[in-house]
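Biologist: I'm new to this one, so please start with a close look at the salt bridges and then carry on to whatever else stands out. How many salt bridges does a search of the whole structure find?

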Amino acid sequence: MTTAAHERYRRLKNRVMDALAVACAILVISPLGLILFYLVRQGLVALNWNFFTHLPAPVGQPGGGMGNAIVGTLELLALASVVGVPVGILGGIYLSEYGGDRLNDWIRFWADVLNGVPSIVWGMVAYAIAVVPFKTFSAYSGGLALGFIMIPLVLRTTEEVLVLVPRSYREAALALGLSHWKMIARIVLPTALKGIVTGVLLAMGRVAGETAPLLFTGFGNPHWNHSLAEPIAALPQQIYVYAISPYDDWHRQAWAGALVLIFLVFALSAGVRLLSAERSKR
């Protein structure tokens with residue numbers, strides 16, 4: 001084979017592999033695109049002002065909305081962040097700045113294992129801790145269950161971001177006389193702040209659509225929630241209840257709720273992408 005023929009053959013193989021890679025990528029994202037298209041088509045027809053501001057209608061009656069579930073989801077995310085963010089960040093700081101190699105390896109291993117634990121298990125744990133002793137379902141127990149899910153993800157993300165901070169920053173701060181904890185608080189954490197926020201948003205997007213833990217904890221509420229010590233409605237749980245009902249209007253609202261939930265997760269994911277892009281430019 002001549003040099004020119006070999007070059008043409010090599011370019012042909014390259015084009016074939018490029019086309020194969022593009023075809024595989026399209027094959028992967030096509031189901032997601034079709035699902036999103038169907039969700040938008042089914043959900044948009046049910047979206048109106050009443051959907052965002054009204055309570056669910058009585059059983060079997062058309063109309064109403066999911067205003068209480070939307071607010072409840074935001075409340076649960078706030079409660080989950082109160083539980084998961086401080087513990088996860090402090091755990092990530094410990095792994096990055098303190099501890100021995102053997103202990104840190106075990107902590108990383110168990111954090112990775114906990115990341116794969118089914119969410120319904122966390123719901124059962126929160127049920128045993130916060131529901132059974134107080135004999136009531138509540139927003140607190142729902143936030144606790146979601147916070148448990150957030151902890152290992154925030155912990156591992158925080159550690160990875162802190163490790164990326166150049167060691168020279170730490171050495172310079174210590175050389176200027178700063179104590180270890182002041183060096184972490186004033187130099188390391190501010191430098192890695194955007195990465196830590198990215199990890200927190202990623203964890204919030206992870207738990208925003210969870211339904212199973214809330215079946216054991218938040219339980220659901222057809223009314224506005226006036227106390228965090230009472231059962232609370234949430235979008236994922238409300239969608240589940242409406243989807244398995246025999247009423248067409250509830251099915252329509254379930255699609256609308258799923259669309260709102262998708263856009264909530266999309267907004268959190270977009271925030272992660274924006275922060276990641278800013279970090280890559282630095």
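Modeller: A search of the whole structure finds 11 salt bridges. By salt bridge I mean a side-chain nitrogen of Lys or Arg within 4 Å of a carboxyl oxygen of Asp or Glu. Bear in mind that this is a predicted model, where local features need pLDDT of at least 70, side-chain atom pairs count only at pLDDT 80 or more, and totals for chains, interfaces and linings use all residues. Residues are numbered from 1 along each chain as its sequence is written, and side-chain values use heavy atoms, with hydrogens and water left out.

Let's begin with helix α4, which covers residues 101–115. (Helices are DSSP runs of H or I with at least four residues, strands are runs of E with at least two, and both are numbered from the N terminus.) Here the side chains of Arg108 and Asp105 meet in a salt bridge, at 3.1 Å from N to O. The two are separated by about one helical turn, because they sit 3 residues apart in α4. Arg108 is partly exposed at 21% relative accessible area, and Asp105 is partly exposed too, at 47%. For those words, buried means under 20% relative accessible area, exposed means over 50%, and partly exposed is in between, with a 1.4 Å probe and protein chains only.

Move on to helix α6 (residues 139–163), home to both Arg156 and Glu159. They are 3 residues apart, about one turn of the helix, and their side chains meet in a salt bridge of 2.5 Å, N to O. Both Arg156 and Glu159 are buried.

One more pair is found in helix α7 (residues 167–175), where Arg167 and Glu171 are 4 residues apart and therefore separated by about one helical turn. Their closest N and O atoms are 3.5 Å apart, forming a salt bridge. Arg167 counts as exposed, with a relative accessible area of 62%, while Glu171 is partly exposed at 47%. As for how bridges link up, those that share partners join Asp105, Arg108, Asp112, Arg156, Glu159 and Glu160 into one network.

Now for something nonpolar. Ile120, Val121, Met124, Val125 and Ile129 form a nonpolar patch on the surface, with about 380 Å² of accessible area together. A patch takes residues with over 30% relative accessible area and no salt bridge, joining like charges within 9 Å and nonpolar side chains (Val, Leu, Ile, Met, Phe, Trp, Tyr) within 5 Å. The areas come from the Shrake-Rupley method with a 1.4 Å probe, and for residues, only the protein chains shown count as cover. Val121, one of the patch residues, lies in helix α5 (residues 119–131) and counts as partly exposed because its relative accessibility is 34%.

Just between α5 and α6 there is a loop that holds Phe134 and Lys135. Phe134 is exposed at 63%, and Lys135 is exposed at 74%. Lys135 isn't a glycine, yet its phi is positive, near 55 degrees. Phe219 does something similar: it is not a glycine but has a positive phi of about 70 degrees. Phe219 is in the loop between α10 (212–216) and α11 (235–243), and counts as partly exposed at 45%.

How do parts that are distant in sequence sit in space? The C-alpha atoms of Phe134 and Ala229 are separated by 9.7 Å, though the two are 95 residues apart along the chain. For Gly64 and Lys135, 71 residues apart along the chain, the C-alpha separation is 30 Å. Gly64 lies in the loop between α2 (49–53) and α3.

Last comes the inside. The search finds 1 cavity of 30 Å³ or more, and the largest cavity holds about 50 Å³ of space. On a 1 Å grid over the protein atoms alone, a cavity is a set of points where a 1.4 Å probe fits but cannot get out, and lining residues have an atom within 4 Å of a point. Among the lining residues are Thr73, Leu76, Leu77, Val207 and Glu210. Both α3 (67–97) and α9 (193–208) supply at least two lining residues each, with α3 giving the most, at 3.

Key:
1 Å grid on protein atoms, 1.4 Å probe; cavity = no way out; pocket = protein on both sides within 12 Å on 5 of 7 lines; lining within 4 Å. Points joined across faces, edges and corners; volume = space filled by probe spheres on them.
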